[in-house]
Amino acid sequence: STLIFNVNRFNAPLKRYRTAEWIRTHQPTICCLQETHLTHKDSHKLKVKGWKKAFHANGHQKQAGVAILISDKTNFKATAVKKDKEGHYIMIKGLVQQENITILNIYAPNTGAPKFIKQLLIDLRNEIDSNTIIVGDFNTPLTALDRSSRQKVNKETMDLNYTLEQMDLTDIYRTFYPTTAEYTFYSSAHGTFSRIDHMIGHKQVSVNLRKSKLYQVLSQTTVE
């Protein structure tokens with residue numbers, strides 16, 4: 001299973017402890033964290049027993065920040081790592097049981113998120129293939145169904161969806177649950193729920209996962 005978790009600031013010891021407990025309870029194979037708010041000097045603070053393989057992207061200030069943790073039970077060997085200096089994304093390439101895999105973990109900015117993600121996908125298009133899994137806090141719903149208000153998506157999100165389509169990428173959750181309304185974020189300011197944490201994959205991979213029924217994603221709700 002893959003865990004997508006916006007930890008919403010990771011500097012408090014109690015929050016790090018609770019996050020580690022949550023990970024140990026759910027036992028994911030891959031754990032992707034967003035909004036860690038760690039700096040380069042703080043990377044040592046992210047330690048979870050049983051997940052020694054940890055890859056970080058942190059800025060110089062306590063903002064953004066992403067990390068990928070891989071269970072010690074998984075035979076993973078990293079071959080390449082690419083990260084954003086501001087801590088908005090990290091991409092790792094490697095081998096799992098001699099099979100190629102690429103994991104891209106994104107924390108999009110609060111403003112201009114669809115445009116940011118679209119440009120990032122375009123910039124990394126030569127790195128993205130059928131073995132790529134893209135996860136993270138996109139800070140934007142992808143469809144009207146991803147909002148409790150059922151508000152239509154804007155032009156920037158439509159452009160992002162078009163880019164995903166052109167790259168043969170699809171929302172894996174929607175492959176399994178095309179009509180389900182499930183949310184990962186609550187905005188107290190607007191009193192609305194939305195699904196802004198996503199897992200994107202190649203269309204053929206999504207079809208294979210659906211046939212094999214090997215899919216599980218755990219998302220933690222974040223509160224504004």
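User: In which sense do strands β2 and β4 pair, and over how many bridges?

Analyst: Strand β2 (residues 30-34) pairs with β4 in the antiparallel sense, over five bridges. Keep in mind that this is a predicted model. To follow the pairing by eye, start from Gln34, which stands opposite Val66 in β4.

User: Which strand do five other bridges join to β4?

Analyst: That strand is β3 (residues 53-57), which also runs antiparallel to β4. A place to start there is Lys53, whose bridge partner in β4 is Ile70.

User: How should I read the two faces of a strand, and which residues of β4 lie on each side?

Analyst: The general idea is that in a regular strand the side chains alternate between the two faces of the sheet. In β4, Val66, Ile68 and Ile70 are on one side, and Ala67 and Leu69 are on the other. Both faces are covered, as every one of these residues is buried. Strand β4 (residues 66-70) therefore counts as mostly covered, with five of its five residues buried under the cut-off of 20% relative accessible area.

User: Where do the buried residues of a helix sit, taking α2 as the case?

Analyst: Begin with the geometry: an α-helix has 3.6 residues a turn, so residues three or four places apart point the same way. In helix α2 (residues 113-123), the buried residues are Ala113, Pro114, Ile117, Leu120 and Leu121. Looking down the axis of α2, these buried residues fall within an arc of 130°, so they line one face of the helix.

User: Which exposed residues does the face of α2 turned away from the buried side carry?

Analyst: That face carries Lys115 and Asp123.

User: What do the buried residues of α2 pack against?

Analyst: They pack against three strands, β6 (89-96), β7 (99-107) and β8 (132-137), and against helix α3 (155-166). Take Ile117, which lies in α2, as a single case. Ile117 counts as buried, at 1% relative accessibility. Apart from neighbours within four places in sequence, Ile117 is in contact with Ile106, Ala108, Phe138 and Leu160. Sequence separation and distance in space are two separate readings: Ile117 and Tyr89 are 28 residues apart in sequence, and 9.9 Å apart in space from C-alpha to C-alpha.

User: How many salt bridges does a search of the whole structure find?

Analyst: The principle is that side chains of opposite charge can pair when their charged atoms come close. The search finds eight salt bridges. One of them is between the side chains of Lys82 and Glu127, at 3.2 Å from N to O. Lys82 lies in strand β5 (residues 76-83) and Glu127 in the loop between α2 and β8, so the pair ties together parts that are 45 residues apart in sequence. Lys82 is partly exposed, at 32% relative accessible area, and Glu127 is partly exposed too, at 25%.

User: Are Asp146 and Arg174 buried or exposed?

Analyst: Their side chains meet in a salt bridge of 2.8 Å, N to O. The pair links distant parts of the chain, with Asp146 in the loop between β8 and α3 and Arg174 in helix α4 (residues 172-176), 28 residues apart. Asp146 is buried, with a relative accessible area of 0%, and Arg174 is buried at 13%. Asp146 and Arg174 also belong to a network of salt bridges that includes Asp171 and Arg195.

User: Which residue does the side chain of Glu165 meet in a salt bridge?

Analyst: Glu165 meets Lys203, at 2.7 Å from N to O. Because Glu165 lies in helix α3 and Lys203 in helix α5 (residues 203-212), the pair ties together parts that are 38 residues apart in sequence. Glu165 is partly exposed at 44%, and Lys203 is partly exposed at 27%.

User: How many disulfides does a search of the whole structure find?

Analyst: First, a disulfide is a covalent bond between the sulfur atoms of two cysteines. The search finds zero. Cys31 is in no disulfide, and the nearest cysteine sulfur, that of Cys32, is 6.8 Å away. That is too far for a bond, because the two sulfurs would have to be within 2.5 Å. Both cysteines are buried: Cys31 has a relative accessible area of 0%, and Cys32 has 0%.

User: How many helices and strands are in the chain, and what share of its residues count as buried?

Analyst: The chain has five helices and 14 strands. Of its 224 residues, 46% count as buried. Its accessible surface comes to about 11700 Å², with 50% of that belonging to carbon and sulfur atoms.

How values were computed
Residues numbered from 1 in each chain as written. Predicted model: local features only at pLDDT ≥ 70, side-chain atom pairs only at ≥ 80, totals over all residues. Heavy atoms only, no water. Buried < 20%, exposed > 50% of the residue type's maximum accessible area, 1.4 Å probe, protein only. Helix = DSSP H or I, 4+ residues; strand = E, 2+ residues; numbered from the N terminus. Arc of directions from axis to C-beta. Contact = heavy atoms within 4.5 Å. Areas by Shrake-Rupley, 256 points an atom, 1.4 Å probe, with all protein chains shown as cover. Salt bridge = Lys/Arg side-chain N within 4 Å of Asp/Glu carboxyl O. Pairing = 2+ DSSP bridges.
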